[in-house]
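This report concerns the salt bridges and one sheet of the structure shown below.

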Amino acid sequence: MRPDLTALRDTFRGSVISAYDPGYEAARVLFNTRIRTRPAVLCRCADTQDVVTAVRFARDAGLPVAVRGGGHHASGLSLVDEGLVIDVGGLRDIALGDAEATVGAGVGFRDIDRVTYVDVTVTGDDGLPSGYAVSGGECPTVSNAGYSLGGGYGLLGRRFGLGCDHVVEAELVDAEGRVLRVSDDEHPDLMWALRGAGGAGFGVVTRLRYRLNRVPKTVVGGFISWPFEQAEEVFRQYRDLYADREDDRLALCLLLSTDPYPDGDKVISMYGLYVGAPGEAERALAPVRSLGKPLVDTFGELSYFDLMQALGEEIPYGLQSRWRGGYFAPDGFDDAAFGTMLEHFGRMPSGYSMIRFDLLAGGAIARVPVDATAFVHREALHYVSVISLWQEEADTEANLAWADGLAGALRPFLTGEVYQNYADRDLTDWPNAYYGANYPRLQQVKRRYDPDDFFHHPQSVRC
């Protein structure tokens with residue numbers, strides 16, 4: 001039945017887009033174009049009051065809801081069929097405080113970095129000019145809220161902690177349409193849940209206040225690529241580089257891809273940065289830069305902002321995707337796993353696809369107890385993402401089979417836990433995979449703040 005949107009349109013300050021309005025098809029498209037979900041209405045909110053209006057309208061009309069920020073949800077849970085989408089992507093205010101920033105839920109990290117890092121210069125005890133930054137991701141169109149509330153891995157993570165570890169306050173609209181100020185002092189149980197499970201059905205976060213890190217204006221960063229034939233040697237060096245390593249200033253991720261997309265040669269690359277005095281970076285990077293015969297080595301002095309901007313330009317948009325993955329067991333990131341990944345990568349059906357490895361534990365991430373926040377994954381050092389990307393509908397079956405086949409072959413090397421920001425709708429035990437021993441406490445918080453399960457999706461916390 002077509003909902004009557006007259007009253008909603010009369011009071012809504014942003015845009016209300018139904019399936020019968022111009023722009024609907026573009027408004028519902030996500031980063032993963034394989035998602036074909038068709039909501040009844042999308043509410044593009046202009047402010048927090050719009051979120052309140054949308055929540056109350058949906059509740060009165062009996063419509064299921066979904067919350068959308070940057071539109072990057074790997075499994076498409078930011079849309080809902082025949083329901084109402086609360087789109088907070090337009091909440092993009094940024095206010096800088098004393099080593100803190102308060103930002104709207106829809107703003108991306110490059111925009112935050114411009115205000116906190118590019119436009120600010122401070123000098124610390126080490127005499128280095130610096131700006132401020134939150135631990136953010138590479139993709140410029142991922143919203144800060146979705147990223148941080150689900151954990152938030154990034155190149156600053158080992159040095160300063162996860163995105164969720166930087167959240168000190170949230171503004172949230174609950175299932176009754178009330179606006180709550182959430183912090184360690186007010187609604188502390190909800191604050192605990194938002195730091196790692198903020199997308200799991202507790203409300204709509206409209207604004208976050210972050211503590212900021214002092215990041216040097218000059219870092220040493222870039223990427224190095226080797227021919228695919230050297231991949232096993234690169235894998236071993238990457239593994240050994242972080243074995244029992246206490247220095248948290250060097251952050252490198254690993255990537256198997258084709259260069260350039262999609263018809264180039266297969267390569268293995270490391271990219272990242274050294275957060276510290278540039279003069280100290282050469283020694284830290286020496287084991288990597290002296291390895292084999294690189295095709296290209298761009299590591300050098302640059303700003304953190306310019307590095308992140310460059311990494312974001314490498315991300316392909318507008319493709320269909322299938323995202324699988326998991327955390328490596330302590331002894332899983334080794335030769336048998338390397339061989340499995342290389343064998344499968346050598347026969348992937350799409351040149352856009354990739355296998356990516358995030359560097360996770362150690363440093364500031366591991367110093368937070370696993371029960372201090374809802375985010376439980378603080379011990380595994382590496383995460384593998386099997387990312388199948390393709391364009392044509394005719395290629396869907398082959399690309400899905402490739403991703404699922406590799407994910408299945410890797411299962412013996414993984415812990416069974418999965419990063420909730422890389423959500424997988426095919427998980428049979430997603431509560432344990434995402435939240436582990438923290439799930440029962442999340443259920444308690446859910447019963448307190450949303451007992452009617454208004455904010456419900458296939459992988460939201462159950463009451």
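Which residues are linked in a network of salt bridges? The network comprises E232, R236, R239, D240, D334 and D335, a salt bridge being a side-chain nitrogen of Lys or Arg within 4 Å of a carboxyl oxygen of Asp or Glu. This is a predicted model, in which local features need pLDDT of at least 70 and side-chain atom pairs count only at pLDDT 80 or more, while totals for chains, interfaces and linings use all residues. Residues are numbered from 1 along each chain as its sequence is written, and side-chain values use heavy atoms, with hydrogens and water left out.

A search of the whole structure finds 39 salt bridges, including the following.

| Salt bridge | Closest N to O |
|---|---|
| E176 and R59 | 3.6 Å |
| R68 and D87 | 3.8 Å |
| D358 and R356 | 3.4 Å |

E176 lies in the loop between β9 and β10 and R59 in helix α3 (residues 48-61), so their salt bridge ties together parts 117 residues apart in sequence. Helices (H or I, at least four residues) and strands (E, at least two) are DSSP runs, numbered from the N terminus. R68 and D87 are both buried, that is, under 20% relative accessible area (exposed is over 50%, partly exposed in between; 1.4 Å probe, protein chains only). E176 is partly exposed at 45%.

An open sheet is formed by five strands in the order β5-β6-β11-β9-β10, with antiparallel pairing; two strands pair if DSSP finds at least two bridges between them. Its edge strands, β5 (94-96) and β10 (179-182), each pair on one side only.
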